[in-house]
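Student: I've just opened this one and don't know my way around yet. Could we go through it together, one question at a time?

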Amino acid sequence: MKKQAKVIDVSARAESESSFTKGVLGPLVGMGLTINRMVDNLTGKVNATIRYPEERRAYSDRYRGAHILTAREDGSPRCVACYMCATACPADCIYIEPAEHPDPLIEKYPARFDIDMLRCVFCGFCVDACPEEAIIMSRESELCAFTREETMWDIKRLMQRPELPEFGLGYRPNQTLVDSTVKFTPKEKEKKKLAGRVTLKEDVEMIIHVTFDPTKD
Amino acid sequence: MAKEREEVVETSSGIITTSVDFVFNWARKSALWPMTFGLACCAIEMMATGASRFDMDRFGAGVFRPSPRQSDLLIVSGTPTLKMGPIIRRVWDQMPEPKWCIAMGACASTGGPFPTYSTLQGVDRIVPVDVYIPGCPPRPEALLYGLMRLQDKIMQEHPTRFVFGRGSVSQEQAESREAAENAAV
(Lines give C-alpha, C1' and ligand atoms only; values in the text may rest on other atoms or scores of the structure.)
Protein backbone atom coordinates (compact mmCIF):
# COMPACT_ATOMS: atom_id res chain seq x y z
CA MET A 1 0.00 0.00 0.00
CA LYS A 2 1.20 3.45 -0.90
CA LYS A 3 2.32 5.54 2.01
CA GLN A 4 0.15 8.49 2.74
CA ALA A 5 1.84 11.76 1.87
CA LYS A 6 2.33 14.22 4.67
CA VAL A 7 -0.04 17.11 4.29
CA ILE A 8 1.27 20.55 5.14
CA ASP A 9 -1.01 23.46 5.68
CA VAL A 10 1.14 26.22 4.22
CA SER A 11 -1.01 29.13 5.25
CA ALA A 12 -1.18 27.94 8.86
CA ARG A 13 2.56 27.52 9.01
CA ALA A 14 3.15 30.97 7.53
CA GLU A 15 0.80 32.45 10.08
CA SER A 16 2.61 30.77 12.96
CA GLU A 17 6.02 31.88 11.71
CA SER A 18 5.13 35.46 10.90
CA SER A 19 5.50 38.17 13.46
CA PHE A 20 5.25 41.93 13.64
CA THR A 21 9.02 42.33 13.91
CA LYS A 22 9.65 40.21 10.85
CA GLY A 23 6.98 41.91 8.84
CA VAL A 24 8.12 45.44 9.57
CA LEU A 25 11.84 45.21 10.27
CA GLY A 26 12.67 42.70 7.51
CA PRO A 27 12.05 45.10 4.64
CA LEU A 28 13.79 47.86 6.61
CA VAL A 29 16.95 45.79 6.93
CA GLY A 30 16.96 45.17 3.21
CA MET A 31 16.27 48.81 2.54
CA GLY A 32 19.16 49.75 4.83
CA LEU A 33 21.52 47.66 2.73
CA THR A 34 20.25 49.33 -0.42
CA ILE A 35 20.67 52.80 1.09
CA ASN A 36 24.16 51.92 2.32
CA ARG A 37 25.13 50.96 -1.20
CA MET A 38 23.59 54.15 -2.51
CA VAL A 39 25.57 56.24 0.00
CA ASP A 40 28.75 54.37 -0.94
CA ASN A 41 28.10 55.12 -4.58
CA LEU A 42 27.29 58.77 -4.00
CA THR A 43 30.30 59.41 -1.80
CA GLY A 44 32.62 57.66 -4.23
CA LYS A 45 33.58 54.85 -1.87
CA VAL A 46 32.52 52.37 -4.50
CA ASN A 47 32.85 53.42 -8.09
CA ALA A 48 32.01 50.92 -10.74
CA THR A 49 33.18 53.01 -13.66
CA ILE A 50 36.65 52.70 -15.09
CA ARG A 51 37.33 56.14 -16.52
CA TYR A 52 38.81 54.62 -19.61
CA PRO A 53 41.26 56.95 -21.32
CA GLU A 54 42.84 57.92 -18.01
CA GLU A 55 42.38 54.64 -16.14
CA ARG A 56 42.94 51.29 -17.70
CA ARG A 57 42.08 47.83 -16.66
CA ALA A 58 45.07 45.55 -16.14
CA TYR A 59 44.93 42.74 -18.66
CA SER A 60 45.98 39.19 -18.05
CA ASP A 61 49.43 38.02 -19.02
CA ARG A 62 47.79 35.81 -21.61
CA TYR A 63 45.74 38.55 -23.22
CA ARG A 64 45.48 38.10 -26.96
CA GLY A 65 46.00 41.44 -28.63
CA ALA A 66 47.86 42.49 -31.75
CA HIS A 67 50.70 40.24 -32.87
CA ILE A 68 54.42 40.68 -32.45
CA LEU A 69 57.04 39.02 -34.62
CA THR A 70 60.06 38.14 -32.53
CA ALA A 71 63.61 38.65 -33.69
CA ARG A 72 66.93 36.86 -33.71
CA GLU A 73 70.01 38.19 -32.02
CA ASP A 74 70.91 40.25 -35.08
CA GLY A 75 67.45 41.78 -35.30
CA SER A 76 66.19 39.91 -38.34
CA PRO A 77 62.79 38.22 -38.03
CA ARG A 78 62.80 34.79 -36.44
CA CYS A 79 60.13 33.56 -38.81
CA VAL A 80 61.20 30.86 -41.28
CA ALA A 81 58.16 31.25 -43.55
CA CYS A 82 56.90 27.74 -42.92
CA TYR A 83 53.21 28.65 -43.35
CA MET A 84 52.19 26.87 -40.15
CA CYS A 85 50.46 29.98 -38.79
CA ALA A 86 48.79 30.77 -42.10
CA THR A 87 47.49 27.20 -42.26
CA ALA A 88 46.21 27.25 -38.70
CA CYS A 89 44.55 30.64 -39.06
CA PRO A 90 40.76 30.23 -39.11
CA ALA A 91 40.26 33.63 -40.68
CA ASP A 92 42.99 33.33 -43.34
CA CYS A 93 44.37 36.70 -42.41
CA ILE A 94 48.08 35.91 -42.68
CA TYR A 95 49.89 36.36 -45.98
CA ILE A 96 53.49 35.14 -46.25
CA GLU A 97 55.90 35.43 -49.16
CA PRO A 98 59.07 33.40 -48.56
CA ALA A 99 62.54 34.16 -49.83
CA GLU A 100 65.76 32.22 -49.66
CA HIS A 101 67.99 32.92 -46.70
CA PRO A 102 71.77 33.12 -47.27
CA ASP A 103 72.34 30.89 -44.24
CA PRO A 104 71.82 27.25 -45.37
CA LEU A 105 70.71 26.26 -41.86
CA ILE A 106 67.76 28.64 -41.91
CA GLU A 107 66.59 27.98 -45.49
CA LYS A 108 63.81 30.57 -45.73
CA TYR A 109 62.79 33.95 -44.37
CA PRO A 110 59.62 35.95 -45.00
CA ALA A 111 60.07 38.61 -47.66
CA ARG A 112 56.54 39.68 -46.83
CA PHE A 113 54.53 38.85 -43.75
CA ASP A 114 51.22 40.67 -43.69
CA ILE A 115 48.44 40.29 -41.19
CA ASP A 116 45.03 41.74 -41.93
CA MET A 117 44.18 42.99 -38.46
CA LEU A 118 40.56 43.57 -39.40
CA ARG A 119 40.02 39.98 -40.45
CA CYS A 120 42.02 38.52 -37.58
CA VAL A 121 39.91 37.07 -34.79
CA PHE A 122 42.72 37.07 -32.19
CA CYS A 123 42.36 33.36 -31.46
CA GLY A 124 46.07 32.76 -30.84
CA PHE A 125 46.22 29.66 -33.05
CA CYS A 126 49.17 31.15 -34.93
CA VAL A 127 51.11 31.42 -31.68
CA ASP A 128 50.31 27.79 -30.86
CA ALA A 129 51.19 26.61 -34.36
CA CYS A 130 54.50 28.41 -34.68
CA PRO A 131 57.43 25.98 -34.26
CA GLU A 132 59.99 28.77 -33.96
CA GLU A 133 58.36 30.99 -31.31
CA ALA A 134 58.44 33.63 -34.01
CA ILE A 135 54.97 35.02 -33.52
CA ILE A 136 53.59 36.02 -30.14
CA MET A 137 50.87 38.38 -29.08
CA SER A 138 50.82 41.67 -27.24
CA ARG A 139 48.26 43.16 -24.88
CA GLU A 140 47.50 45.89 -27.36
CA SER A 141 43.82 46.13 -28.12
CA GLU A 142 43.32 49.75 -29.10
CA LEU A 143 43.48 49.36 -32.84
CA CYS A 144 41.13 51.20 -35.04
CA ALA A 145 41.35 52.53 -38.55
CA PHE A 146 39.57 54.89 -40.88
CA THR A 147 40.29 52.76 -43.93
CA ARG A 148 40.72 49.06 -44.55
CA GLU A 149 44.18 49.55 -46.04
CA GLU A 150 45.53 50.86 -42.75
CA THR A 151 44.91 47.54 -41.07
CA MET A 152 47.20 45.52 -43.34
CA TRP A 153 50.20 45.32 -41.04
CA ASP A 154 53.52 44.53 -42.63
CA ILE A 155 56.53 42.85 -41.11
CA LYS A 156 58.08 46.10 -39.95
CA ARG A 157 55.06 47.14 -37.98
CA LEU A 158 54.57 43.66 -36.58
CA MET A 159 58.09 43.61 -35.23
CA GLN A 160 58.32 47.07 -33.80
CA ARG A 161 55.84 49.84 -33.23
CA PRO A 162 56.12 52.76 -30.85
CA GLU A 163 53.09 51.94 -28.72
CA LEU A 164 54.18 48.39 -27.91
CA PRO A 165 56.21 49.02 -24.73
CA GLU A 166 53.19 50.63 -23.15
CA PHE A 167 51.02 47.55 -23.60
CA GLY A 168 53.57 44.79 -23.23
CA LEU A 169 53.57 41.13 -24.10
CA GLY A 170 50.46 39.02 -24.17
CA TYR A 171 49.77 35.43 -25.15
CA ARG A 172 52.96 33.51 -25.85
CA PRO A 173 54.32 29.99 -25.41
CA ASN A 174 53.95 28.91 -21.84
CA GLN A 175 57.65 28.32 -21.28
CA THR A 176 60.83 30.27 -21.45
CA LEU A 177 61.44 31.44 -24.97
CA VAL A 178 64.85 30.07 -25.79
CA ASP A 179 66.31 32.22 -28.54
CA SER A 180 63.63 34.79 -29.29
CA THR A 181 63.98 38.43 -28.52
CA VAL A 182 61.61 41.27 -29.14
CA LYS A 183 62.72 44.49 -30.72
CA PHE A 184 61.59 46.67 -27.85
CA THR A 185 61.99 46.82 -24.09
CA PRO A 186 58.78 45.92 -22.34
CA LYS A 187 57.90 47.97 -19.31
CA GLU A 188 57.20 46.32 -16.00
CA LYS A 189 53.54 45.44 -15.69
CA GLU A 190 52.29 47.85 -13.14
CA LYS A 191 49.64 46.79 -10.71
CA LYS A 192 47.06 49.48 -10.55
CA LYS A 193 44.31 49.89 -8.03
CA LEU A 194 41.14 49.59 -9.97
CA ALA A 195 37.71 50.97 -9.51
CA GLY A 196 35.14 48.57 -8.12
CA ARG A 197 36.44 46.81 -5.06
CA VAL A 198 33.65 44.28 -4.98
CA THR A 199 33.89 42.23 -8.13
CA LEU A 200 37.38 42.81 -9.47
CA LYS A 201 40.33 40.84 -8.27
CA GLU A 202 42.94 42.82 -10.08
CA ASP A 203 45.96 41.62 -8.15
CA VAL A 204 45.57 38.00 -9.16
CA GLU A 205 48.33 36.95 -11.51
CA MET A 206 47.02 34.40 -13.93
CA ILE A 207 50.18 32.48 -14.77
CA ILE A 208 53.01 33.43 -12.51
CA HIS A 209 55.50 30.81 -13.63
CA VAL A 210 55.92 32.26 -17.12
CA THR A 211 59.28 33.84 -17.52
CA PHE A 212 60.12 36.00 -20.46
CA ASP A 213 63.07 38.25 -20.08
CA PRO A 214 64.30 39.39 -23.49
CA THR A 215 67.53 40.67 -22.02
CA LYS A 216 68.43 37.32 -20.49
CA ASP A 217 66.81 34.81 -22.82
CA MET B 1 53.68 76.72 -37.76
CA ALA B 2 50.55 77.75 -35.92
CA LYS B 3 50.37 81.01 -37.82
CA GLU B 4 50.83 79.23 -41.13
CA ARG B 5 48.06 76.82 -40.31
CA GLU B 6 45.82 79.70 -39.25
CA GLU B 7 46.38 81.35 -42.61
CA VAL B 8 45.58 78.19 -44.50
CA VAL B 9 42.39 77.71 -42.55
CA GLU B 10 41.43 81.34 -42.97
CA THR B 11 41.94 81.38 -46.71
CA SER B 12 40.07 78.13 -47.19
CA SER B 13 37.00 78.84 -45.11
CA GLY B 14 37.06 82.19 -43.30
CA ILE B 15 37.13 82.87 -39.60
CA ILE B 16 33.36 83.06 -39.11
CA THR B 17 32.60 79.80 -40.84
CA THR B 18 35.37 77.96 -39.04
CA SER B 19 34.06 79.17 -35.70
CA VAL B 20 30.56 78.06 -36.59
CA ASP B 21 32.05 74.82 -37.85
CA PHE B 22 33.71 74.30 -34.52
CA VAL B 23 30.47 74.84 -32.59
CA PHE B 24 28.54 72.53 -34.90
CA ASN B 25 31.20 69.84 -34.73
CA TRP B 26 31.51 70.10 -30.99
CA ALA B 27 27.76 69.74 -30.59
CA ARG B 28 27.65 66.80 -32.98
CA LYS B 29 30.52 64.90 -31.44
CA SER B 30 29.23 65.47 -27.92
CA ALA B 31 25.83 63.95 -28.57
CA LEU B 32 26.39 60.94 -30.78
CA TRP B 33 23.28 58.93 -30.22
CA PRO B 34 23.80 55.37 -31.38
CA MET B 35 21.16 53.19 -32.94
CA THR B 36 20.10 50.19 -30.88
CA PHE B 37 21.30 47.70 -33.43
CA GLY B 38 23.05 44.49 -32.45
CA LEU B 39 23.62 41.62 -34.83
CA ALA B 40 25.69 39.11 -32.88
CA CYS B 41 28.21 38.68 -30.10
CA CYS B 42 29.79 42.11 -30.61
CA ALA B 43 26.47 43.54 -29.46
CA ILE B 44 27.14 42.05 -26.02
CA GLU B 45 30.35 44.04 -25.82
CA MET B 46 28.48 47.09 -27.06
CA MET B 47 26.00 46.65 -24.22
CA ALA B 48 28.87 46.28 -21.78
CA THR B 49 30.31 49.52 -23.11
CA GLY B 50 27.01 51.23 -22.46
CA ALA B 51 26.75 49.84 -18.94
CA SER B 52 28.24 51.40 -15.84
CA ARG B 53 31.67 49.73 -15.90
CA PHE B 54 32.75 51.50 -19.07
CA ASP B 55 29.89 53.96 -19.39
CA MET B 56 29.70 55.26 -22.93
CA ASP B 57 27.57 58.12 -21.59
CA ARG B 58 30.76 59.86 -20.52
CA PHE B 59 31.35 60.54 -24.21
CA GLY B 60 27.77 61.56 -24.88
CA ALA B 61 27.15 58.38 -26.83
CA GLY B 62 25.21 56.27 -24.36
CA VAL B 63 21.69 57.15 -25.37
CA PHE B 64 20.80 54.14 -27.47
CA ARG B 65 17.81 55.22 -29.52
CA PRO B 66 15.15 52.68 -30.46
CA SER B 67 14.44 54.45 -33.73
CA PRO B 68 16.81 55.24 -36.61
CA ARG B 69 15.06 58.59 -36.99
CA GLN B 70 16.56 59.75 -33.71
CA SER B 71 20.06 58.34 -34.02
CA ASP B 72 23.32 59.71 -35.39
CA LEU B 73 25.56 56.68 -35.19
CA LEU B 74 25.13 53.18 -36.54
CA ILE B 75 27.35 50.70 -34.72
CA VAL B 76 27.24 47.58 -36.85
CA SER B 77 28.10 45.08 -34.15
CA GLY B 78 28.14 41.51 -35.30
CA THR B 79 28.08 39.32 -38.38
CA PRO B 80 26.12 40.94 -41.21
CA THR B 81 24.56 38.12 -43.18
CA LEU B 82 23.37 38.61 -46.72
CA LYS B 83 19.83 38.32 -45.46
CA MET B 84 20.44 41.13 -42.98
CA GLY B 85 22.12 43.34 -45.58
CA PRO B 86 19.02 45.09 -46.96
CA ILE B 87 17.83 45.73 -43.41
CA ILE B 88 21.11 47.37 -42.41
CA ARG B 89 20.90 49.51 -45.52
CA ARG B 90 17.32 50.43 -44.73
CA VAL B 91 18.15 51.41 -41.16
CA TRP B 92 21.02 53.50 -42.51
CA ASP B 93 18.75 55.20 -45.05
CA GLN B 94 16.20 55.97 -42.37
CA MET B 95 18.74 57.78 -40.23
CA PRO B 96 18.75 61.54 -40.79
CA GLU B 97 21.92 63.40 -41.72
CA PRO B 98 24.43 63.91 -40.22
CA LYS B 99 25.17 60.27 -39.56
CA TRP B 100 28.20 58.11 -38.99
CA CYS B 101 28.91 54.42 -39.00
CA ILE B 102 31.27 52.27 -36.97
CA ALA B 103 32.04 48.74 -38.15
CA MET B 104 32.68 46.93 -34.91
CA GLY B 105 34.61 43.71 -34.96
CA ALA B 106 36.11 41.45 -37.59
CA CYS B 107 32.81 40.26 -39.08
CA ALA B 108 31.28 43.67 -39.63
CA SER B 109 34.52 45.05 -41.02
CA THR B 110 35.59 42.29 -43.40
CA GLY B 111 33.52 39.20 -42.84
CA GLY B 112 36.08 37.92 -40.37
CA PRO B 113 36.33 34.14 -40.12
CA PHE B 114 33.30 33.61 -42.36
CA PRO B 115 34.31 33.85 -46.01
CA THR B 116 31.13 32.00 -46.87
CA TYR B 117 28.18 32.22 -49.22
CA SER B 118 25.88 33.64 -46.58
CA THR B 119 28.02 36.33 -45.00
CA LEU B 120 28.47 39.85 -46.23
CA GLN B 121 32.22 40.41 -46.64
CA GLY B 122 32.34 43.71 -44.84
CA VAL B 123 29.49 46.06 -44.09
CA ASP B 124 31.29 48.76 -46.09
CA ARG B 125 29.85 47.12 -49.19
CA ILE B 126 26.45 48.52 -48.31
CA VAL B 127 27.00 51.48 -45.98
CA PRO B 128 29.89 53.98 -45.78
CA VAL B 129 31.98 53.13 -42.74
CA ASP B 130 33.85 55.84 -40.85
CA VAL B 131 35.76 53.80 -38.29
CA TYR B 132 36.75 50.13 -38.36
CA ILE B 133 37.45 48.46 -35.03
CA PRO B 134 39.39 45.17 -35.16
CA GLY B 135 38.79 42.51 -32.55
CA CYS B 136 36.64 39.47 -32.13
CA PRO B 137 34.81 40.93 -30.34
CA PRO B 138 36.61 44.18 -29.55
CA ARG B 139 36.93 44.97 -25.88
CA PRO B 140 34.77 47.82 -24.57
CA GLU B 141 37.94 49.89 -24.36
CA ALA B 142 38.55 49.29 -28.05
CA LEU B 143 35.04 50.46 -28.86
CA LEU B 144 35.52 53.57 -26.74
CA TYR B 145 38.83 54.19 -28.48
CA GLY B 146 37.12 53.89 -31.85
CA LEU B 147 34.43 56.26 -30.68
CA MET B 148 37.02 58.82 -29.64
CA ARG B 149 38.72 58.53 -33.02
CA LEU B 150 35.32 59.09 -34.64
CA GLN B 151 34.88 62.21 -32.54
CA ASP B 152 38.29 63.41 -33.75
CA LYS B 153 37.12 62.77 -37.29
CA ILE B 154 33.92 64.72 -36.73
CA MET B 155 35.97 67.70 -35.54
CA GLN B 156 37.68 67.76 -38.94
CA GLU B 157 34.44 68.25 -40.84
CA HIS B 158 33.12 71.48 -42.36
CA PRO B 159 29.35 71.42 -41.89
CA THR B 160 28.82 75.11 -42.68
CA ARG B 161 29.97 74.64 -46.25
CA PHE B 162 26.58 73.21 -47.01
CA VAL B 163 24.93 76.34 -45.60
CA PHE B 164 27.21 79.22 -46.57
CA GLY B 165 28.90 77.60 -49.54
CA ARG B 166 32.56 78.06 -50.27
CA GLY B 167 32.45 81.48 -51.88
CA SER B 168 34.69 81.61 -54.92
CA VAL B 169 36.68 78.54 -53.83
CA SER B 170 35.98 75.54 -56.01
CA GLN B 171 35.60 71.98 -54.78
CA GLU B 172 39.06 70.99 -56.09
CA GLN B 173 40.75 73.96 -54.50
CA ALA B 174 39.03 73.34 -51.21
CA GLU B 175 40.03 69.69 -51.28
CA SER B 176 43.64 70.41 -52.15
CA ARG B 177 43.81 73.00 -49.39
CA GLU B 178 42.27 70.58 -46.98
CA ALA B 179 44.85 67.99 -47.98
CA ALA B 180 47.64 70.52 -47.45
CA GLU B 181 46.10 71.43 -44.11
CA ASN B 182 46.05 67.81 -43.03
CA ALA B 183 49.60 67.28 -44.26
CA ALA B 184 50.70 70.30 -42.24
CA VAL B 185 49.16 68.79 -39.13
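Student: Which residue in strand 3 of chain B stands opposite Ala103(B)?

Tutor: Keep in mind that this is a predicted model. Strand 2 of chain B, residues 100-104, pairs with strand 3 of chain B in the parallel sense over 3 bridges. Look across from Ala103(B) to strand 3 of chain B and you land on Tyr132(B).

Student: In what order do the strands of that open sheet in chain B run?

Tutor: Strands of a sheet pair through backbone hydrogen bonds, either parallel or antiparallel. In chain B, the pairing is parallel, and 3 strands make up the open sheet, in the order 1-2-3.

Student: Why is one side of strand 1 and of strand 3 of chain B left without a neighbour in the sheet?

Tutor: Strand 1 (73-77) and strand 3 (131-133) of chain B are found at the edges. One side of each has no neighbour in the sheet because each has a single partner strand.

Student: Which helix lies across strand 1 and strand 2 of chain B?

Tutor: Look for residues 42-50 of chain B. They run at about 135° to strand 1 of chain B, and they make up helix 3.

Student: Is Asp130(B) buried or exposed?

Tutor: Asp130(B) sits in the loop between helix 5 (105-110) and strand 3 of chain B. Residues it touches include Phe146(A) from chain A and Leu150(B) from chain B. Its relative accessible area is 14%, and the cut-off is under 20%, so Asp130(B) is buried.

Student: What is the length of the polar contact between the side chains of Asp130(B) and Lys153(B)?

Tutor: Lys153(B) is among the residues that Asp130(B) touches. Their side chains are joined by a polar contact of 3.1 Å.

Student: Over to chain A: which residue stands opposite Asp116(A) in strand 5?

Tutor: Chain A has an open sheet of 3 strands in the order 2-3-5, with antiparallel pairing. Strand 3 of chain A, residues 108-116, pairs with strand 5 of chain A over 2 bridges. Opposite Asp116(A) you'll find Met152(A).

Student: Back in chain B, how much of an arc do the buried residues of helix 2 cover around the axis?

Tutor: Helix 2 of chain B takes in residues 15-30, and its buried residues are Thr17(B), Thr18(B), Asp21(B) and Asn25(B). On the other side of this helix, Ile15(B) and Ile16(B) are exposed. The buried ones are on the same side of helix 2 of chain B because they cover an arc of only 95°.

Technical notes
Residues numbered from 1 in each chain as written. Chains lettered and ligands numbered in written order. Predicted model: local features only at pLDDT ≥ 70, side-chain atom pairs only at ≥ 80, totals over all residues. Heavy atoms only, no water. Pairing = 2+ DSSP bridges. Helix = DSSP H or I, 4+ residues; strand = E, 2+ residues; numbered from the N terminus. Contact = heavy atoms within 4.5 Å. Axes fitted to C-alpha atoms, helices over the stretch in contact; angles between N-to-C directions. Buried < 20%, exposed > 50% of the residue type's maximum accessible area, 1.4 Å probe, protein only. Polar contact = N/O pair within 3.5 Å; in protein donor to acceptor, adjacent residues only side chain to side chain. Expected span 1.5 Å × (residues − 1). Arc of directions from axis to C-beta. Lists of a residue's contacts leave out its neighbours within four places in sequence.
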